[in-house]
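Me: I have a model open and would like to learn how to read its features. Could you take me through them one at a time?

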Amino acid sequence: MVPLTACHPTISYRPIRPSDLEILEQLHGELFPIRYESEFFQNVVHGRGIVSWAAVDHSRDDGKSDELIGFVTARVVPAKDSEIVDLLNCNSAESEWSLVYILTLGVMNSYRNLGIASSLILEVIKYASSIQTCQAVYLHVISYNIPAIHLYKKMSFKCIRKLPGFYLIDGQHYDSYLFVYFVKGSRSPCSPLELVMVVVRYIRIGFQSIIAKLWSDERKVGRWCRCKEAHSLI
């Protein structure tokens, strides 16, 4: 644990870079029950398909004033391939609309309750809002992570569904909640016919997902790109 060196630490935010690799791996290991492969961290620090922000404390006097004390990682995904396509504008499945999915979010224990996690989430929301085709930011949070759930609700994320047994950690299943933040007023009502078409499409996607899950459930934790994140206590 890193001691706070000031009553009001000077926190700033910047992109994660290659020099952050070691501390990024260390913090993920300390904060999450899921283990990530080295490929994930390499993609984060080199910006290969992942955007990220680091929180640093410039008031530290231990020579580590530019070392990560918090982070958030995310990636842009096509809306038509997402699990929330049924909640979006009705033509999302046939267009080039996109979403931003938050992969991991964490803050060191000694820096919690200072608004750092909220600021990191705001960086993601600002980034998503700058993308002309982006409709929403979304994420999964494990059901027992009550502080994170309260945080997302406070920041106007909507809990839109519960996913029973979504996580498989050390041989035990845990439920997940799916949270969504709609940007730029992107959510719009559908006509009755469009709504029926969306529901049918979603049922078909859900059935395909169940079949795929039966084949790949035991490998959920094995590859970073397939696992949904358990999100550290904030």
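Me: Which backbone nitrogen does the side chain of Asp-57 reach?

Reply: Happy to start there, with a word on the model. It is a predicted one, where local features need pLDDT of at least 70 and side-chain atom pairs pLDDT 80 or more, while totals for chains, interfaces and linings use all residues. Residues are numbered from 1 along each chain as its sequence is written, and side-chain values use heavy atoms, leaving out hydrogens and water. Now, a polar contact is a pair of N or O atoms within 3.5 Å; within protein, one must be able to donate a hydrogen and the other to accept it, and residues adjacent in sequence count only if both atoms are side-chain atoms. Here the Asp-57 side chain reaches the backbone nitrogen of Thr-10 at 3.3 Å. It also makes a polar contact with the side chain of Tyr-111, at 2.6 Å.

Me: Which side chain of opposite charge is nearest to Asp-57, and how far away is it?

Reply: For charges, Lys and Arg count as positive and Asp and Glu as negative, with His and the chain ends not counted. A salt bridge needs a side-chain nitrogen of Lys or Arg within 4 Å of a carboxyl oxygen of Asp or Glu. For Asp-57 the nearest candidate is Arg-60, 5.3 Å away, and Asp-57 has no salt bridge although it is buried. Buried means under 20% relative accessible area, exposed over 50%, and partly exposed in between (1.4 Å probe, protein chains only).

Me: How many aromatic pairs does a search of the whole structure find?

Reply: Rings of Phe, Tyr and Trp (its six-membered ring) pair if their centres lie within 6.5 Å; planes under 30 degrees apart are stacked, over 60 edge-to-face, and the rest tilted. The search finds twelve such pairs. In one of them, Trp-53 and Tyr-127 meet edge-to-face, 5.7 Å centre to centre with 65° between the planes. Trp-53 belongs to strand E2 and Tyr-127 to helix H3 (residues 116–130), so this pair ties together parts 74 residues apart in sequence. Helices (H or I, at least four residues) and strands (E, at least two) are DSSP runs, numbered from the N terminus.

Me: Are Trp-53 and Tyr-127 buried or partly exposed?

Reply: Trp-53 is buried at 12% relative accessible area, whereas Tyr-127, at 25%, counts as partly exposed.

Me: Which rings are linked into a cluster by ring pairs?

Reply: Those of Phe-32, Tyr-36, Phe-40, Phe-41 and Phe-71.
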